Amino acid sequence: MVELADGDRTPRSLGEVETVVDGGDMDCGSGLLLLITRAMRRLEPGQVLGVRSAEVSVVSDLPAWAGLVGHDVVAEVAESDGGPWWFAVSKAGRSAQSAARSATVFSQGERTPVGRRLWIYTNFDCNLACAYCCAESSPRAAARRFEPAVADAVFEEFTAQGGREVFLTGGEPFMHPELGSLVAAAGGLERTVLTNAMIFARGSRRKTLEDLDRDVVLQVSLDSATPELHDRQRGTGSWSRAFEGIELARSLGFRVRVAATLYDEDPEGVEALHRRLDELGIASPDRVVRPVAQEGFADQGVHVSLENLEPEPTLTADGAWWHPVAVTNPHLRIADAPLPLAEVFGVVRDTLAVQDAAARTGREVFRCA
Ligand code: SF4
């Protein structure tokens, strides 16, 4: 057994550390990389980060990560045979890290450059409670509303640093009483509001809809050409109301994009959906078919992690996340507040730099869970 120091409980042989990250049993691919990237950004060059992990892969992966970024592992200690393991990592000078960043982040063929696109969860309450909801939204979910004043500051910073596209999602965004203000705050950007299209036909929500600029795109969930599958996944009667909502939005002059979420890509079902959308006049680029992610309420679907999700920085009222499907996954949390945006994008860029550097060397720093 190693001797632990008083107070912070780090091993004495680790030496002086500025701050400590306890990764539990996470490996680099399941979230440890984000934790240490966030912590490293708060240190000055030469300061030392202590990292603890009970996951055996860190014995090879953590020194590999440090080498890719230019940090030095100055001490390595096992609490006992078989771990957990402790590392003391001295932060690299700025030049080493920024060289890694600039060499990688903007050189990806298909990847959306970090900082161009932003997702906002306007709220988490919803009129539905879909069994596959990655956000764990429902009528009983805490609203966690995004404040218009925060949105003003977010979009000002986003626009100033070259942002182009904003996606506003939830929960059901039309349950946010100030949705109109949130959308207006993003004026000048390409704006898409994701909705189930079920609750904006009447009352104050109808007025919110009618008052939206017509360059706002509405992305509506519709899982199937006929009610059976959609209603099974999203609730009885939801298909008809979504369909009516699509027709209403189009009659008011909105461009409507349709998104289907499916456990299995049944080719016949998808083909039937396309035929239905042909009848409706929804253009091919405005159709999205995507798999269920095994996140939130979904107990099956595609497993997602840092290693198989391209980043789509996402803000909630109380934090920032790697991707909108992962806002209930603590391993994919980027920050504990939506601002400053520079910090959110900075964590993403630093993390991508390591992933890309690892890919170039052919080394698997990020293991499959
Ligand atoms: S999947 Fe969409 S419509 Fe269904 S509960 Fe979640 S947020 Fe609401």
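**Exercise 1: the ligand shell.** Sort the residues around the ligand by class: how many are nonpolar, polar and charged?

*Solution.* Start with the tally: the shell holds six nonpolar, four polar and one charged residues. The classes work like this: Ala, Val, Leu, Ile, Met, Phe, Trp, Tyr, Cys and Pro are nonpolar, Asp, Glu, Lys and Arg are charged, and the others, Gly among them, are polar. Next, put names to the shell: Cys126, Leu128, Ala129, Cys130, Tyr132, Cys133, Ser137, Gly170, Gly171, Asn196 and Arg234 surround the ligand, each with a heavy atom within 4 Å of it. Finally, place the ligand: the space it takes is the largest pocket. A pocket here is an open set of points on a 1 Å grid over the protein atoms alone, where a 1.4 Å probe fits, with protein on both sides within 12 Å along at least five of seven lines. A molecule sits in one if more than half of its atoms lie within 2 Å of its grid points.

Some ground rules before going on. This is a predicted model, with local features needing pLDDT of at least 70 and side-chain atom pairs pLDDT 80 or more, while totals for chains, interfaces and linings use all residues. Residues are numbered from 1 along each chain as its sequence is written, and side-chain values use heavy atoms, leaving out hydrogens and water.

**Exercise 2: strand 4.** Work out which strands pair with strand 4, and whether its residues are buried or exposed.

*Solution.* First, the partners. Strand 2 (residues 48–53) pairs with strand 4 in the antiparallel sense over six bridges, with Ser53 opposite Trp85. Strand 3 (residues 72–78) also pairs with strand 4 in the antiparallel sense, over six bridges, and there Val77 is the bridge partner of Trp86. Strands are DSSP E runs of at least two residues, helices H or I runs of at least four, both numbered from the N terminus; two strands pair if DSSP finds at least two bridges between them.

Second, the faces. In a regular strand, side chains alternate between the two faces of the sheet. Here Trp85, Phe87 and Val89 point one way, Trp86, Ala88 and Ser90 the other, and all are buried. Buried means under 20% relative accessible area, exposed over 50%, and partly exposed in between (1.4 Å probe, protein chains only). With six of its six residues (85–90) buried, strand 4 is largely enclosed by the rest of the structure.

Third, the turn. Strands 3 and 4 form a hairpin with six residues between them, and Gly82 in the turn has a positive phi of about 85°. Gly83 and Pro84 are joined by a cis peptide bond, omega about 0°, and Pro84 is in the loop between these two strands.

**Exercise 3: aromatic pairs.** Classify Tyr121–Phe124 and Phe174–Phe200 by ring geometry.

*Solution.* Rings of Phe, Tyr and Trp (its six-membered ring) pair if their centres lie within 6.5 Å; planes under 30 degrees apart are stacked, over 60 edge-to-face, the rest tilted. That rule gives six aromatic pairs. Tyr121 and Phe124 have ring centres 4.9 Å apart and planes at 15°, so they're stacked; both are buried. Phe174 and Phe200 are edge-to-face, at 5.0 Å centre to centre and 70° between the planes. Phe174 lies in the loop between strand 6 (165–169) and helix 5 (179–185), and Phe200 in the loop between strand 7 and helix 6, so this pair ties together parts 26 residues apart in sequence. Phe174 is buried at 2% relative accessible area, and Phe200 is buried at 1%.

Definitions and conventions:
On a 1 Å grid over the protein atoms alone, a cavity is a set of points where a 1.4 Å probe fits but cannot get out, and a pocket is an open set with protein on both sides within 12 Å along at least five of seven lines; lining residues have an atom within 4 Å of a point.
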